[in-house]
Amino acid sequence: MAAGGQPLLKVEHLTMRFGGLTAVADLSFEAAGTDITALIGPNGAGKTTVFNCITGFYKPTEGMVTLSHPDGQPFLLERMDDFRISHWAKVARTFQNIRLFAGMTVLENLMVAQHNTLMLASGFTIAGIFNNRGYKRANREAIDLCRYWLDKIGLLDRADDPAGELPYGGQRRLEIARAMCTKPLLLCLDEPAAGLNPRESEELNQLLLDIREEHQIALLLIEHDMSVVMGISDHIVVLDYGVKISDGPPAMVRNDPAVIRAYLGVEDEEEAEGVIAGGQP
Amino acid sequence: MAGAPKSNQISAVAKTLDPAAMAKDLLFTAILSLVILGPIVGLKTVPATGSLALEQRWGTVLVLVGIVVVGRLIFHLIAARRPASRAKAAKPAGPGVDVGKYLAPILLIIALALPFIASLAPSQERRLVDLAILMMTYVMLGWGLNVVVGLAGLLDLGYVAFYAVGAYSYALLSTRYLPQWFGDGILPWAFFVTLPIAGMLAALWGLILGFPVLRLRGDYLAIVTLAFGEIIRIILTNWINFTGGPAGIDAIPRPWFFGHPFDDSANGFAALFGIESKPIQRIIYLYYIILALALVTNFVTMKLRRLPIGRAWEALREDEIACRSLGINTTNTKLTAFAIGAMFAGFAGSFFATRQGFISPESFNFMESATILAIVVLGGLGSQIGVVAAAIVIVGFFEVFREMNFLKEILPEGTDPVQFRMLAVGGAMVMIMRWRPRGLITRRDPTVYLKEKKAVPTELVAQGHG
Amino acid sequence: MEYFLQQLINGVTLGSIYGLIAIGYTMVYGIIGMINFAHGDVFMVGGFAAVIAIIAIGVTGNGAIAFTILALLLVVIIAMIIASAYNWTIERVAYRPLRGSFRLAPLISAIGMSIVLQEFVRVAQGGRPKPLQPIVEGGVVLMRRAVSEGEFVVQLSYMQMLIVITTLVLMVIFTALITRTSLGRAQRSCEQDMKMAALLGIDVDRTISITFVMGAALAAVAGLMFFLYYGVTDFFVGFNAGVKAFTAAVLGGIGSLPGAMLGGIILGLIEVFWSAYFSVEYKDVAAFAMLAVVLIFLPQGILGKPEVEKV
């Protein structure tokens, strides 16, 4: 499946239990270097839990999550702290219920995402107090990167407004841009199209494809909007009650009877097929 | 916290101003306040032979109940006059312009010139400068705590512990250890040698105490810091060999002016400048020291805000989980805020020790922490200029209480208005949270901008995380 | 051995008082997720109300036993009413308007309220401690060590019995109240999801108010017993007792009623044994350090449920 050598992300036998509840059971899948992988499934199927395990917010009960950098260096994500996963393993994420720094400006949100780079340039603050030249340069570069992303998401005009005042679609896009400012190799998006209208949804598709094209990174997304899922993903993993029921390219998954059953129950397979296929552009 | 959808019955009554319902509400208020005030105010326990007796003061109770009922009535009338919902009415109409831009230079000039202004009123000079020193000390403490509470959103209820560490560091070093190690020749420089050490020791304690607890949720952190503050105070009280116990430490050396003492000796400050030696000179010198310390605190804080670390503090206050997803080591980030706040408290503590010449554990109780917190909260969490305004209001308020002789006339025999000081501080904290939770200054300056600098209304700013 | 037994009795007694206060913290935390920092001071006010009632009624240890018991019952009811009025008003004035404000706002308001209560009582009643002659005296000698081995008497005083029995009875009543009645159901549903409870027709405001009143009533009982046990009270007792009771609530698992009681007794034992075997001066340090240790290593407490961070 992978373009060559190790796949970027390898999830093996991932299991997550909360007390007696098994949210994810023995899940294995892979995501290749520049693939867009969609994780779909009915509500409560355990998709966000998988995300939280990959990004270190939860420690999985069992299983391994390995991220291999292009230079071959592996990172065992299930053993790393969440902030180290972002910093060293280069995995960025967004959240289902947007988590922006609402009281800070749009630009500040993007600057915070470049914290580690700037921290280093400011000599861990000590040199920064004296305005060292390296920090000034790094600061300029950081602002340039912000400008690039603001332009990309169409929020350049609103750079100095508080993030909390942006319309919903803008907040979603800003969160993606903020994640991208950490320069990730894998970007995990938790329902990026939730609450967007069809036009915004289409723009989002374009943005995600652009990101993949220009930055050569892999995307992993949880999504309910089938037009997004079927439109852009190379590879779909379907979860139901924490168990993987299907895994493959969109064309295959769309016709998988197990998927249809999970989405609409056993009867009415015709209709279910209609729903899942409906999103095809 | 999810707001309960059910409308508040009483304010609904107020809006329509139905006389019958209002009368009922007022009657209820009267009965409730009678239950609350009646026994505690009306029946004072006084020592009697071998036991206690009660002293009846029903007059005072009636007056207080009357005040409560009239207050409630006024509240109803105002609420009825303004049909807009209370939430809307409480929304602060923060000034659109950046207050700090104009106010800060004016305040700075006043602060620099204050001793000269005070000297215009020779009879009051000493009192005015003393008051200014007190205010400045609270401004500095407020600025220090503002780093922790205002910027990083960590509610620290034990801030006074670091103030104590600074004070005791200076007191112990200057009275005991420095003379022991370097002989008496160090004394002229004791303050300036010890100041950085005291700051560093306080910061070190900030790290030691902060490290295990900073991953706790906001409210738990608050209680733990309170416990730490108390632990340090109890140790200071009981470790008699080291700290002098409840008696404290006295004869703490005063600072010298670059090797010249403030006395009428040949080497003295007055002799150096060929002027007459006066006690006020030392006081003015102390004032400039605390002013300089406070300005350094402010300068460093403002600088840090614009550096990645400061931005991370504010981001942390907004959303800790998002910070972690962006690769920010939140524990370290919180620790730096905690340690830097503690360091400023350590500086202020050293100054306190040298100004008083005497310290004891009693100066470092929870009420002191609460007062500093009240200043930060009243000023507007995160606002530097707000802290100044709040320190002036609260310290000034204390002073006004002392001066209110007319209150002594109204109040029953033997009640001193100064007693109501902390009562007022506590009440102020409740009222600020209720009617102006963002404090006096409700704008936030962005730390970086692309085109134009626009202050952000702080209604959007999340404060403290869970 | 004898010494140990005596300390055990003392520890359980003190722990019962902490447990009663801790219930107030645990119930309020369970339902609205805030630390009612002023709760310790409500306990103090309850104690003062009891002192005033005792003097006003003229309860002494000299009268007939029946009279003393009836009078104390009256005293406790008065103290409960007054403390409940305080806590009800506090919730109304200082906490309810802040629902929906930023997270730390209610805590800051509660700290303010705590200062207000302390200072109010100090101004109204004076700062000096209030001593009173013991009302419940005597006890049962459980064990006696011979003079030859250094005489030591293990005694279970009537006061200690009274405290432990009252606590047990109150615990039983409250557990029944919470598990068996519709009020308890309303409380538990508000704990789970306040909005949903409101949608299902539960009067959330009223339920919260009742929770505060119940907590205050228990704190008032604790206040009276604390005063009878030590024979003295002052305006500041609520601060230490409050922090310790909060520790007990966390130790037992915040939100859990039996947990609060268990935590209280463990904390009482720690404090008493620390004073007995190490040092009296540092007994508060032991309790406060316990708070830090519990929060760091066992934040969900002994009987609490582990909390999963919502991402």
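Analyst: Let's start with a cut-off: two strands count as paired once DSSP finds at least two bridges between them. Keep that in mind for this predicted model. In chain A, it underlies an open sheet of four strands, in the order β2-β1-β4-β5, with antiparallel pairing.

User: What makes β2 and β5 of chain A edge strands?

Analyst: β2 (21–31) and β5 (74–76) of chain A each have a single partner strand, so one side of each has no neighbour in the sheet. As for how the strands sit, neighbours in this sheet are turned by 20 degrees against each other on average, ignoring direction.

User: How do you know that β1 and β2 of chain A are paired?

Analyst: Count the bridges. β1 (residues 9–18) of chain A and β2(A) share seven, in the antiparallel sense. The cut-off is at least two, so the pair qualifies. For one example, Lys10(A) has Glu30(A) in β2(A) as its bridge partner.

User: Chain A has a six-stranded sheet too. Which strands are its edges, and what makes them so?

Analyst: That open sheet goes β6-β7-β8-β3-β9-β10, with mixed pairing. Its edges are β6 (91–93) and β10 (243–248) of chain A, as each pairs on one side only. Neighbouring strands here are turned by 15 degrees on average, again with direction ignored.

User: How do you know that β7 and β8 of chain A are paired, and do they run parallel or antiparallel?

Analyst: Parallel. Five bridges join β7 (residues 186–190) to β8 (residues 218–222) of chain A. Since at least two are needed, five will do. One of the residue pairs is Asp190(A) with Ile222(A) of β8(A).

User: Which helix lies across that sheet, and at what angle to β7(A)?

Analyst: Helix α1 (residues 47–54) of chain A. It lies across β3 (36–40), β6, β7, β8 and β9 (235–240) of chain A, running at about 150 degrees to β7(A).

User: What are the domains of chain A, and how far apart are their centres?

Analyst: An automatic or database assignment gives domain 1 (1–90 + 184–281) and domain 2 (104–182) of chain A. Taken over C-alpha atoms, the centres are 28 Å apart. The contact between them takes 11 residues from domain 1 of chain A and 10 from domain 2 of chain A. On the domain 1 side, α2 (82–89), β7 and α8 (198–215) of chain A each supply at least two residues. α8(A) gives the most there, with three. By class, that side of domain 1 of chain A has seven nonpolar, three polar and one charged residue.

User: Over to chain B. Why is α12(B) called roughly antiparallel to α15(B)?

Analyst: Helix α12 (residues 279–305) and helix α15 (residues 330–356) of chain B pack at about 175 degrees, with axes 11 Å apart. Angles over 145 count as roughly antiparallel, which makes α12(B) roughly antiparallel to α15(B). The contact uses Leu286(B), Ile289(B), Ile290(B), Leu293(B) and Thr297(B) of α12(B), facing Phe344(B), Phe347(B), Ala348(B), Phe351(B) and Arg355(B) of α15(B). By class, that is eight nonpolar, one polar and one charged.

User: How many helices and strands does chain B have, and what share of its residues is buried?

Analyst: Chain B has 19 helices and four strands. Of its 466 residues, 47% are buried, the test being 20 or more other C-beta atoms within 10 Å.

User: How many residues does chain B bring to its contact with chain C, and which element gives the largest share?

Analyst: 57 residues of chain B touch 63 of chain C. α9(B) gives the largest share of the chain B side, 13 residues. By class, the chain B side has 39 nonpolar, 13 polar and five charged residues.

User: And in chain C, what makes β2 and β3 a pair?

Analyst: Six bridges join β2 (residues 139–145) to β3 (residues 152–157) of chain C, and the strands run antiparallel. The cut-off is at least two, so they pair. Arg145(C) is bridged to Phe152(C) of β3(C), and Val140(C) to Leu156(C) of β3(C). This hairpin has six residues between the strands, and Gly150(C) takes a positive phi near 85 degrees.

Key
Residues numbered from 1 in each chain as written. Chains lettered and ligands numbered in written order. Predicted model: local features only at pLDDT ≥ 70, side-chain atom pairs only at ≥ 80, totals over all residues. Contact = placed C-beta atoms within 7 Å. Nonpolar A, V, L, I, M, F, W, Y, C, P; charged D, E, K, R; others polar. Axes fitted to C-alpha atoms, helices over the stretch in contact; angles between N-to-C directions. Parallel < 35°, antiparallel > 145°, perpendicular 65-115°, else oblique. Buried ≥ 20, exposed ≤ 12 C-beta atoms within 10 Å, placed from the backbone.
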